[in-house]
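Below is a set of short questions with reasoned answers about one structure. Look through the sequence and the model first, then read on.

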Amino acid sequence: MRQVLILCCIVFAVLLAGTTRAEDKNYKEKHAEKVKNMEEVFFAASRDGKTIKGVFVEGNSLFNGTTVPQERPYTAEELENAKRSAERNSKIFLLAGDGTLYYPTLPRGQAVTQSAQAYRMPRVLTPEQKREGLFTWATMVPMVGRTVEVYGDVYPGYAGVKGIAIKYIAFEGEYIVGKKD
Amino acid sequence: MATKKPISFKAIFYTTISLVWIFGLSAIGHIVMVLIEKYNPGIKYDFAWTSALVGFFAIYSTRFMKSDGWQSFIGCLGGLGLWFAFEYSLMYGGHRLGVTYTWNGSYPEYRMMKWTFMLLIMVFVYLLFQESVRCNFIFFLRRKLRLMRGAIATGKISNYGPRTAFEYIMVTWTFYVMLMIGYDEELFGAHSWFIYVLFFASFSVFFYLCYKLLGYDRFGANLRYAIPTVTILWNDIEILAKWGMLKEPWVHINWTIMSVIIAGFVISTYLIVKDLRRRKDGMIESKDIT
């Protein structure tokens, strides 16, 4: 019986290992520090006009001329098709309010990068949004067609299309999903 | 069947404890993954490998256990360990393949899991014809589809551990695939008739299974039957969350609610272990075999 109890303890230990390690004070502190830093940087940049406000648009329909989001918002049908295409990895761009098109990319310096569209962008929340307990991150596909404010490194890009490595994102409402926007 | 007996307080007690334990296990499993992702994602694949190894050895250890209660208890934990590893393997695969989140918010690993449906069907077909399987649902299908060529399987099962682990994995896998297929807007959709039917069917079947569960008045069979019972209820929780009507405390890290769930899990674990230790000489009863 003792062996069995030892085994149980091991299994529980492993089950809770993730919690314990992830809940380690250092990790929690580091996380809180990261969030605080993110908010300070983002809100300062927003005040100084260094953030970019725009809409996420789906690349295929934009470049083949099916939709013209520069001139009018997506219709409901266009939006659904755009999101479905984005879900299948067609490239998503950020169309800024001033008409500049940004190609979201991951930061320069990484030889192999993951798909930017699968990347969780840390979300900056207002105090009110925090109280509501909204999602603390977002990915691009569900955000197609929505207005966002982003902060990140901007690269010169090519032929007028600039690159952007989004560091932080802010937007109104809930990221989730399941509810049709 | 054991359900023909009058329902005793003892059976209610055992059923409640089993349900609380399996529910707590699922909730803790979820929050562990959420906390790792939030605070320390760097350890997730180490955790996955550790879970796989511990899961395997937990299942292996059941071969040395005499009581079906212990076999089921440890087998369930072994199944959870392997399941963790499976989910993380899909997460890794999704990362390598650049799988995105869906536009209605489903995670890459679950998008990938959805397309294992044919594999699931193949395993299920095997189980349907595998005569030593004692699952009540498969018995039902065998009867209705006239698949049995002889009498149903009876006799002693020496080790319930691997069976319980497999049951945990299969039940969890099946319902994940069903939900993901239901959420797929190109097939059905989160607000489709399929999801509504699944929601109401799960809700009603949960109570039916609880009633059946009351027929098993000892840990072992009770724990094993609590796995599908809780997982079916879990469908409703997932659907309510998908509809935006419920904020899952294990996803949104609501420690007040999670504390209650963890306390329930700890107390039920204590009661199960205490009971199993008391019955250390207990052997498998014939009613547990059918």
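**Strands, cores and charges**

Q: Which residue stands opposite A:Pro104 in β7(A)?
A: Strand β3 (residues 101–104) of chain A and β7(A) pair in the parallel sense over three bridges; strands are DSSP runs of E with at least two residues, helices are runs of H or I with at least four, and both are numbered from the N terminus. Two strands count as paired if DSSP finds at least two bridges between them. Opposite A:Pro104 in β7(A) stands A:Ile164.

Before going on, note that this is a predicted model, where local features need pLDDT of at least 70, side-chain atom pairs count only at pLDDT 80 or more, and totals for chains, interfaces and linings use all residues. Residues are numbered from 1 along each chain as its sequence is written, chains are lettered from A and ligands numbered from 1 in the order in which they are written, and side-chain values use heavy atoms, with hydrogens and water left out.

Q: How many bridges join β6 (residues 147–158) of chain A to β7(A)?
A: The strands β6(A) and β7(A) form a hairpin with two residues between them. They run antiparallel, and A:Asp153 stands opposite A:Ala165 in β7(A). The number of bridges joining them is eight.

Q: In what order do the five strands of the closed barrel in chain A run?
A: Strand β2 (residues 92–96) of chain A is joined to β3(A) by two bridges, and these strands run antiparallel. As described above, β3(A) pairs with β7(A) in the parallel sense. The pairing in the barrel is mixed, and the order is β1-β2-β3-β7-β6.

Q: Which helix gives the largest share of the largest nonpolar core?
A: A nonpolar core is a set of buried Ala, Val, Leu, Ile, Met, Phe, Trp, Tyr and Cys residues joined through side-chain atoms within 4.5 Å. The largest has 67 residues, and B:Trp21 and B:Ile239 are among those with the most contacts inside it. Twelve residues, the largest share, come from chain B's helix α7 (residues 161–183).

Q: Is B:Ile253, with its positive phi, buried or exposed?
A: Most residues other than glycine have a negative phi. Phi of B:Ile253 is near 45°, and its place is in the loop between α9 (221–242) and α10 (255–278) of chain B. Buried means under 20% relative accessible area, exposed over 50% and partly exposed in between (1.4 Å probe, protein chains only). Because its relative accessible area is 15%, B:Ile253 is buried.

Q: Which residue of chain B forms a salt bridge with A:Arg88?
A: A salt bridge is a side-chain nitrogen of Lys or Arg within 4 Å of a carboxyl oxygen of Asp or Glu. The closest N and O atoms of this pair are 2.5 Å apart. The pair crosses between chains, from the loop between α4 (76–87) and β2 of chain A to the loop between α7 and α8 (193–213) of chain B. The partner of A:Arg88 is B:Glu186.

Q: What is the relative accessibility of A:Arg123, which forms a salt bridge with A:Glu174?
A: The closest N and O atoms of A:Arg123 and A:Glu174 are 3.8 Å apart. The two residues lie 51 residues apart in the chain. A:Glu174 counts as buried at 16% relative accessibility. A:Arg123 also counts as buried, and its relative accessibility is 2%.
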